[in-house]
Amino acid sequence: MAVVASAPGKVLMTGGYLVLERPNAGIVLSTNARFYAIVKPLYDEIKPESWAWGWTDVKLTSPQMARETMYKLSLKQLKLQPVSSSGSRNPFVEHAVQYAVAAAHERLDKDKKDRLQTLLLQGLDITILGCNEFYSYRNQIEAHGLPLTPESLASLPPFASITFNAEESTGETRKPEVAKTGLGSSAAMTTAVVAALLHYLGVVNLSSLDEDQLQGKKDVADLDVVHVIAQTAHCIAQGKVGSGFDVSSAVYGSQRYIRFSPEVLSSAQFAGMATPLTEVIDDVLKAKWDHERTKFSLPPLMTLLLGEPGCGGSSTPSMVGAVKKWQRSDPQGSLETWRRLSEGNSALEAHLNTLSKLAERYYNAYECIINACSLLPAGKWLERANEPTQTEIVKELLGARDAMLRIRYQMRKMGEAAGIPIEPESQSQLLDATVNMEGVLLAGIPGAGGFDAVFAVTLGASCENVTQAWSSLNVLAMLVREDPHGVSLENNDPRAKEITTAVFSIQLE
């Protein structure tokens, strides 16, 4: 009876900061890094006392953090109360559980309510697992004297333990400072839990999802329900209404995204303690969700690479706050910078879309010139074009490069004006070196920028050379690639998959 759902992490390639405000768009790529949620009955049979007392048990387990939390779920108010815990609480999963159960009460017909009651009275056993790519293991690799290569990362056991930092002064174990890679772990985790629960409770049917998507069906009503509940849970858990691009990509996959109006969540934000949760969920499900998403993915024979420079992380909320302060202090100057950024984003999107169309129409010519360009720096690409179609393809490639350089310039300008390191000097040097390598189309800093990570888009097989060059520059190339698929129903527990023997064996401390 176990249900396993997964949702991908993301990379915001364009639209950093701008995507926070309508009608600005962002290009967000979903990745092969996935969060998994496993939902099954906690007990084989219904516990009579649960029926009599009006509550049921919920167990949440996070093996990677060695955490287990037991809750009581009120069957009337649908609120979770922690009973025991081996670590700090997870507000994202707690809100996901409450809102998914409330959605089941609100959406299911009367004839399905009995089955819902039975499932709830058997208790909920929820396990969450995040792919290693969501977390930084750079320190462990360096501590074991291993090279900064994807092979070293691949040698980690799947779903490796996440290290905790002890409080030095008292010796007590505090909330761990988990080093993350900026792939949107909380959004992917929330989406996976919501999807698994909604399917388990019979609210949605995700079993034919992949088949329907392959057939190009446009009926995504079940995904829309997952999206609304996941967005609501994620926003309320983090205490603010963000742009939502991370949850949207976790549900639907790679896309061009324009945010929803924050007002759609006002009923959830300002609901009093006395407001029934089913009423809140009914309001958000009926609200006018005006976000816009258009299917998008990288053109063929292009690879997304992510690198971890190891210069420390950045706080996205504080950087966003600094940018908003700058907007208020210099409305005219900031408007002009955003206009030019938006133009650059649109130009990059247009070039990539044109390349996808050219690949579809003239694949042989496209494949030939992409493979030729993959061996050369950009300055020599045009020399390899042997006929008009190939010349057109190269011009689009160079147009995309130029658009990204303009985007980087405006992002640096915004960072300087706002007094924050959106593209720090160390990152600029790394990006300049990367974009001048053979076969590199683009290089930039994803999302809000800072010191977290860099990305590159490479042509053909040149990604191998880039990862080697990054290693020599003390940059760890991650195992992340674009995977345009969104939320998915899995056949089994991901830990049950056969594990390939790795070259190295790392014992994590």
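This report covers a four-stranded sheet, the helices that pack on it, and the cysteines of a predicted model.

**The sheet**

The sheet is open, and its four strands follow the order β10-β11-β9-β12 with antiparallel pairing. Its edges are β10, residues 440-444, and β12, residues 476-477, each of which pairs on one side only. Two bridges join β12 to β9, the strand of residues 302-308, in the antiparallel sense. In the β12 strand, L476 is the bridge partner of E308.

**Helices on the sheet**

Helix α16 spans residues 425-435 and packs on the sheet, where it touches β10 and β11, the latter being residues 454-459. The direction of α16 makes about 170° with that of β10. Helix α17, residues 463-472, lies across β9, β10, β11 and β12. The angle between α17 and β9 is about 10°.

**Cysteines**

The count of disulfides is zero. A disulfide requires two cysteine sulfur atoms within 2.5 Å. The table gives the nearest cysteine sulfur for two residues that are in no disulfide.

| Cysteine | Nearest cysteine sulfur | Distance |
|---|---|---|
| C131 | C463 | 19 Å |
| C463 | C373 | 16 Å |

Are these two cysteines buried or exposed? C131 has a relative accessibility of 12% and therefore counts as buried, the limit being under 20%. C463 has a relative accessible area of 9%, so this residue is buried as well.

Technical notes:
Residues numbered from 1 in each chain as written. Predicted model: local features only at pLDDT ≥ 70, side-chain atom pairs only at ≥ 80, totals over all residues. Heavy atoms only, no water. Pairing = 2+ DSSP bridges. Contact = heavy atoms within 4.5 Å. Axes fitted to C-alpha atoms, helices over the stretch in contact; angles between N-to-C directions. Buried < 20%, exposed > 50% of the residue type's maximum accessible area, 1.4 Å probe, protein only.
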